[in-house]
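Colleague: I would like to learn how to read a model like this one, feature by feature. Could we go through it together?

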Amino acid sequence: MRTMLLAHLRCPLDGGPLELQAAPAELDRGWVETGTLVNPRTGATYPIRAGMAYLYVDDERWQPLAREAAGWVQYHQDHQMYDQAGSDIDFQTPYFPHDPWITVARNFDIAREIIQPQPGMWVLDVGAGRGWASKHLALAGCNVVAVDITADDQVGLGRAQAIMQQAGTCFDPIIADNENLPLKTARSI
Ligand SMILES: C[S@@+](CC[C@H](N)C(=O)[O-])C[C@H]1O[C@@H](n2cnc3c(N)ncnc32)[C@H](O)[C@@H]1O
């Protein structure tokens, strides 16, 4: 997680601001691999692991989402599409010359025309999957926050680290619910 994101994050429980705890070297370089986000008012804590912030509360709202996330993993395992080792499809998507990617690429190009990505623009990629769209927008200079409920390192946002490294770019993967975004809004404190 980039330290610059902290000002935009809010506690998913009460919308309050968060503090970032991490090793001084990580704070200095502006990227936190391992750390903790803390709501100083309530003491609620949220981990950062492998550069990814886990900003949800494991309650009755989250549990169906956790089951859905497990379902995505199971689906890929059942269809022999799980293990990404040795595969560079994720590094090419959506520009991969086979269905469904031909259609996805066309749609993504249309979305890009609409978004008109500019350097410094903030973009929220909701239901980001592995983060391939976030990658392309980050390469265009955007500050991208990629949100998904699936953290898995093969078929979820955990794959984003490999995608970022291969492309030489950076965005912020967050495990959270689209319906309860842990982000500052015009109404945030
Ligand atoms: C069809 S996949 C699309 C992934 C990606 N956008 C792509 O095109 O490759 C839908 C994604 O939405 C995520 N998702 C479903 N419900 C969500 C929620 N409430 N909040 C955040 N992500 C969610 C799933 O985990 C899954 O990765």
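Modeller: Gladly; let us begin with a single residue, Gln116, which sits in the loop between helix H4 (101–115) and S5. Helices (H or I, at least four residues) and strands (E, at least two) are DSSP runs, numbered from the N terminus. This is a predicted model, in which local features need pLDDT of at least 70 and side-chain atom pairs count only at pLDDT 80 or more, while totals for chains, interfaces and linings use all residues. Residues are numbered from 1 along each chain as its sequence is written.

Colleague: Is Gln116 buried or exposed?

Modeller: The idea is to count neighbours: a residue is buried if 20 or more other C-beta atoms lie within 10 Å of its own, exposed if 12 or fewer, and partly exposed in between, with C-beta atoms placed from the backbone. Gln116 counts as exposed because it has 8 C-beta neighbours inside 10 Å. From C-alpha to C-alpha, Gln116 is 9.7 Å from Leu137, with their positions 21 residues apart in sequence.

Colleague: And how exposed is Val73, and what does Val73 touch?

Modeller: Val73 belongs to helix H2, and it is partly exposed because 16 other C-beta atoms lie within 10 Å. Contact here means that the C-beta atoms of two residues, placed from the backbone, lie within 7 Å. Leaving aside residues up to four places away in sequence, Val73 touches Asp152 and Val155. Val73 and Gly156 are 83 residues apart in sequence, yet their C-alpha atoms are 8.0 Å apart in space.

Colleague: Let us turn to the sheet. What is the order of its strands?

Modeller: For pairing, DSSP must find at least two bridges between two strands. Here seven strands make an open sheet with mixed pairing, in the order S1-S2-S3-S4-S7-S6-S5. Strand S1 (19–22) and strand S5 (122–126) are at the edges with a single partner strand each, so one side of each has no neighbour in the sheet. From one strand to the next, the twist averages 25 degrees.

Colleague: Which residues stand opposite each other in S1, S2 and S3?

Modeller: S1 and S2 run antiparallel, joined by four bridges, and Glu19 stands opposite Val38 in S2. Strand S2 (residues 35–38) is also antiparallel to S3, again over four bridges. There, Thr36 faces Pro47 in S3, and Val38 stands opposite Thr45. The hairpin of S2 and S3 has six residues between the strands, and Gly43 in the turn has a positive phi of about 85 degrees.

Colleague: What comes after S3 in the pairing?

Modeller: S3 pairs with strand S4 (residues 52–54) in the antiparallel sense, over two bridges, and Ile48 has Ala53 in S4 as its bridge partner. Two residues lie between the strands of this hairpin, where Ala50 takes a positive phi near 50 degrees.

Colleague: How do I read the two faces of a strand?

Modeller: In a regular strand the side chains alternate between the two faces of the sheet. In S2, Gly35 and Leu37 form the covered face, while Thr36 and Val38 form the uncovered one. In strand S3 (residues 45–49), Tyr46 and Ile48 are on the covered face, with Thr45, Pro47 and Arg49 on the uncovered one.

Colleague: What about packed helices: at what angle do H5 and H6 pack?

Modeller: Two packed helices are described by the angle between their axes and the distance between the axes. Axes are lines fitted to C-alpha atoms, for helices over the stretch in contact, and angles run from 0 to 180 degrees between N-to-C directions. Helix H5 (residues 132–139) and helix H6 (residues 160–167) pack at about 30 degrees, their axes 10 Å apart. On the H5 side are Trp132, Lys135 and Leu139, which meet Ile163, Met164 and Ala167 in H6. H5 also lies across S5 and S6, and runs at about 175 degrees to S6.

Colleague: Finally, which residues are closest to the ligand?

Modeller: A residue is near a molecule if its C-beta atom, placed from the backbone, lies within 6 Å of it. The ligand is surrounded by 14 residues, and the closest are Gly127, Gly129, Ile149, Thr150 and Asn178. Helix H2 (62–78) and strand S6 (143–148) are the elements that give two or more residues to this shell, and H2 has the largest share, four residues.
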